[in-house]
Amino acid sequence: MTAIWTVERTAHRRFPFRIAVEQDGRRIIALRAQSSWPGPGQQIFCVRERSFDPDEPLQPVERVPIAHLTRVGRKLAIVLDRATRKRCEFLAINKPAADGSTREQIFFRTESGIRAHRSRTRMELLPADHPLVIAIDSGERYPWRFPGATVRRRKLAFGDYALLEGERPVAVVERKTFDNLLADIGALQALHHQLADLASWDSSALVIEAQYGDFLDQSRLQGRWPAVHLARVLAELAALHPKLPMVFAGNRKLANAWCQQFFVACRGRDLSPQLDLVRETIAGYYPTPRELPFTDRVREVALHRLGASFSMTDLAGRFDGVPENRVKRVVDQLRREGLLVSSGRGPGCRYTPAD
């Protein structure tokens, strides 16, 4: 899905600019602003566009693809696909009025404005004000401890520890000791599958009770693996599962502490005020296939541009002059990662992006 930033000049004296974000031809937010872009260290007051007159005379100012678009608490953070003046955010605040009601205030800020504001060091999340409920997988022989939390032992479908909301996991952590991870590397394809499942959660992490340097220390490895091989494996894990944080915590005690603070933050996220500025689904900007290396272009087309089901002929037809077996190697890798599911054999084989 492609998102576009548009700025237009209006005839209004107080709000002479209209700023809108469109996604796939659909407007997901539109604001009236006092300027098209805040000056250094400044922020601009905006008002939400409640209605739009298609006959209103508007003069185009700029139209730019959006490289990244995401919600962060009460803010909508935007990165434009250009070299300068590219990072900004819209902060939505509900300010109490004298009659007991609330009035929405929206501020348009750039990176320099955020750094200059007195709230620049304030954390986004509220602390959890009641005990956490944490599930520990029944297979954990010597589990971590979580003082003050309500702990339950049960079989978990993913990970070793889960933060619960009711009976539903909302954050998951997979724990690995130094020896656990070395053993898992002996079945690397199975480890990739496990981490792909873990990364499917919105909030998840792989927490390792060792330092990164321990896996490059031949004296600690004791001949089980060459250090150069482990360096490549750890890099591959990070490259193929970019949405899954890999935390080298150092030891058991620090790994336990990191996990507890991670769960506290995830619980605080659910308790903190959330952005009501945009209710529609928003997504980042996908570069066109020509902007990517060949392997990434094939992955992009296969996962995002061919719909629910396609054949190898459909995919290879998007890459004129490229041997089909070269395209198929990328598809086979996507299958091993669990990102594509195949059905049938031979020319009739169909591929479907995994849910």
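**Overview of the chain.** Helices (H or I, at least four residues) and strands (E, at least two) are DSSP runs, numbered from the N terminus, and on this basis the protein chain has 9 helices and 17 strands. This is a predicted model, in which local features need pLDDT of at least 70 and side-chain atom pairs count only at pLDDT 80 or more, while totals for chains, interfaces and linings use all residues. Residues are numbered from 1 along each chain as its sequence is written, and side-chain values use heavy atoms, with hydrogens and water left out. A residue is called buried under 20% relative accessible area, exposed over 50% and partly exposed in between, using a 1.4 Å probe and protein chains only; of the 355 residues of the protein chain, 41% count as buried. Contact means heavy atoms within 4.5 Å, and among contacts in the protein chain between residues at least 6 apart in sequence, 54% join residues at least 24 apart.

**View 1. The barrel and one of its strand pairs.** Strands of a sheet pair through backbone hydrogen bonds, either parallel or antiparallel, and here two strands are taken to pair if DSSP finds at least two bridges between them. In this model 8 strands close into a barrel in the order β1-β2-β3-β4-β8-β7-β6-β5, with antiparallel pairing. From one strand to the next, the twist averages 35°, where axes are lines fitted to C-alpha atoms, for helices over the stretch in contact, and angles run from 0 to 180 degrees between N-to-C directions. Strand β5 (residues 59-72) and strand β6 (residues 75-80) run antiparallel and are joined by 6 bridges; Leu69 has Ile78 in β6 as its bridge partner.

**View 2. The open sheet and the helix packed on it.** An open sheet of 6 strands follows the order β10-β9-β11-β12-β13-β14, and its pairing is mixed. Because β10 (150-154) and β14 stand at the edges with a single partner strand each, one side of each is left without a neighbour in the sheet. Neighbouring strands of this sheet are turned by 25° against each other on average, direction ignored. Strand β9 (residues 133-137) runs parallel to β10 and is joined to β10 by 5 bridges, with Thr150 in β10 as the bridge partner of Val133. Helix α2 packs on the sheet, touching β12 (168-177) and β13, and its direction makes about 90° with that of β12.

**View 3. Aromatic rings around Phe215.** Rings of Phe, Tyr and Trp (its six-membered ring) pair if their centres lie within 6.5 Å, and planes under 30 degrees apart count as stacked, over 60 as edge-to-face and the rest as tilted; the structure holds 17 such aromatic pairs. One of them is the tilted pair of Phe178 and Phe215, at 4.9 Å centre to centre with 45° between the planes. This pair links distant parts of the chain, since Phe178 belongs to helix α2 (residues 178-185) and Phe215 to the loop between β13 (204-209) and α4 (218-221), 37 residues apart. Phe215 also forms an edge-to-face pair with Phe248, at 6.1 Å centre to centre and 70° between the planes. Phe248 lies in strand β14 (residues 246-248), so this pair ties together parts that are 33 residues apart in sequence. Phe215 counts as buried because its relative accessibility is 0%, whereas Phe248, at 24%, is partly exposed.

**View 4. Helix α9 and its surroundings.** The expected span of a helix is 1.5 Å times one less than its number of residues, so the 13 residues of helix α9 (residues 324-336) should span 18 Å, and the end C-alpha atoms, 18 Å apart, agree with this. Val327, Val330, Val331, Asp332 and Leu334 are buried in α9, and the buried residues of this helix pack against α7 (294-304), α8 (312-316), β16 (340-343) and β17 (350-353). Just after α9, Gly338 takes a positive phi of about 80°.

**View 5. Two cysteines without a disulfide.** A disulfide is a pair of cysteine sulfur atoms within 2.5 Å, and by this rule the count comes to 0 disulfides. Cys46 is in no disulfide, and the nearest cysteine sulfur, that of Cys88, is 9.9 Å away, which is too far for a bond. Cys46 counts as buried because its relative accessibility is 1%, and Cys88 is buried with a relative accessible area of 5%.
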